[in-house]
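Here is a guided walk through one protein chain. Please keep the sequence and the 3D view at hand.

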Amino acid sequence: MAGAAASMERVKDRATGLDKFVLREARGSSVEVYLYGGQVTFWKNNFGHQLLFVSNKATFKPPKAIRGGIQICFPQLGSHGVLEQHGFARNRFWSVDESPPPFPVANSNCHIDLILKSSQEDLKIWPHSYEFRLRVALSPRGDLLLTSRIKNISSDGKPFQFTFAYHTYFSVSDISEVRVEGLETLDYLDNLQSKNRCTEQGDAVVFESEVDKVYLGAPQKIVIIDHEKKRTLVLRKEGLPDVVVWNPWDKKAKAMPGFGDDEYKNMLCVGAAAIEKPISLKSGEEWLGKQEISAVPSSYSSGQLDPEVIRRMHTI
């Protein structure tokens with residue numbers, strides 16, 4: 001739903017034939033959410049900047065996932081399990097949740113609620129009954145907030161486990177000019193080395209080759225600094241201990257379907273996740289995981305964030 005100072009419109013995309021919702025906040029920010037995959041593909045903040053990356057070669061044709069935006073990875077991320085890559089939630093058609101239960105905190109009056117329930121098709125490959133509620137919201141200052149609630153509704157009383165990630169594709173000016181702060185000294189699983197556990201040695205994560213890592217026990221706030229755009233993205237998370245960082249680089253980009261050969265230069269995936277320790281739910285239990293992203297203009301010099309960035313980080 002949307003408040004009086006905001007709007008929400010349901011649109012059938014002419015190019016893809018898929019239904020999507022366009023939410024607009026009064027101060028100028030907007031977000032597009034597809035029912036297919038429950039996927040955010042477009043986010044423009046109050047400064048008028050498109051902050052998410054979607055490949056020019058992305059296919060909007062089920063059952064293929066949309067390459068870009070924010071993919072909902074459930075009930076597993078990547079190959080951390082026995083299911084298909086990144087699970088099945090990103091390949092399903094979601095429904096509008098017309099009467100969602102109250103949220104613990106009302107974080108916005110400009111939002112949409114979606115719901116995904118286990119189907120007979122899902123039960124064949126993952127024999128657990130669940131309800132997955134997703135709220136996509138814009139704050140008055142243009143921040144993007146995603147809140148997921150997953151409930152075990154099994155009638156047999158059995159618990160289940162899952163891993164999860166907001167696989168978030170950010171648009172960047174030049175991957176070689178981007179750095180991620182907040183992950184230094186952390187242990188990570190390196191998916192390029194058979195999930196070997198390593199320790200981050202740098203004072204920030206920088207990009208000179210392919211990266212596919214899961215940082216473990218990451219702090220609540222992560223900062224992504226884009227030097228050329230003079231933009232800082234602040235990612236805040238709750239209920240999700242880990243952070244995924246990924247860029248395919250040149251060789252893998254050329255081999256990937258639905259992705260341009262040189263597009264790796266202008267994208268970076270950084271997303272909140274729960275990977276190392278799967279979430280376990282008993283029958284009737286519900287889990288909640290949040291990711292909030294804000295973008296602020298910034299200047300960067302010698303590892304110092306400008307005062308505005310620091311202020312925004314502490315007030316998110």
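**Reading the model**

Over residues 300-304, pLDDT (the predictor's confidence in each residue, from 0 to 100) stays under 50. For that stretch the model has five contacts (heavy atoms within 4.5 Å) beyond four places in sequence. Residues 306-310 also have pLDDT under 50, with nine contacts beyond four places in sequence. Where pLDDT is low, the predicted coordinates should not be read in detail. The chain as a whole averages a pLDDT of 90, and 89% of the residues score at least 70.

This is a predicted model: local features need pLDDT of at least 70, side-chain atom pairs count only at pLDDT 80 or more, and totals for chains, interfaces and linings use all residues. Residues are numbered from 1 along each chain as its sequence is written, and side-chain values use heavy atoms, leaving out hydrogens and water.

Now turn to the sheet. Nine strands (DSSP runs of E, at least two residues, numbered from the N terminus) form an open sheet. Their order is 6-7-8-9-20-17-16-11-14, with antiparallel pairing; strands pair if DSSP finds at least two bridges between them. Strand 6 (95-96) and strand 14 stand at the edges, each with a single partner strand, so one side of each is left without a neighbour in the sheet.

Look closer at strand 11, residues 178-181. Four bridges join strand 11 to strand 16 (residues 221-226), and the two run antiparallel. There, Val180 has Ile224 as its bridge partner, and Arg179 has Ile225. Two bridges link strand 11 to strand 14 (residues 205-206), again antiparallel. In strand 14, Arg179 is partnered with Val206. Which way do the side chains of strand 11 point? Val178 and Val180 point one way, and Arg179 and Glu181 the other. All four are buried (under 20% relative accessible area, 1.4 Å probe, protein chains only).

Next comes the core. A nonpolar core is a set of buried Ala, Val, Leu, Ile, Met, Phe, Trp, Tyr and Cys residues joined through side-chain atoms within 4.5 Å. The largest one has 73 residues. Phe132, Phe162, Phe164, Leu183, Phe207 and Leu268 touch the most other members. Strand 19 (residues 267-281) gives the largest share of this core, eight residues. A second, separate core of nine residues includes Leu77, Val214, Leu216 and Ile275.

Finally, take Phe164. Leaving aside neighbours within four places in sequence, Phe164 is in contact with residues including Ile72, Phe132, Ile150, Leu240 and Trp287.

Key
Buried means under 20% relative accessible area, exposed over 50%, partly exposed in between (1.4 Å probe, protein chains only).
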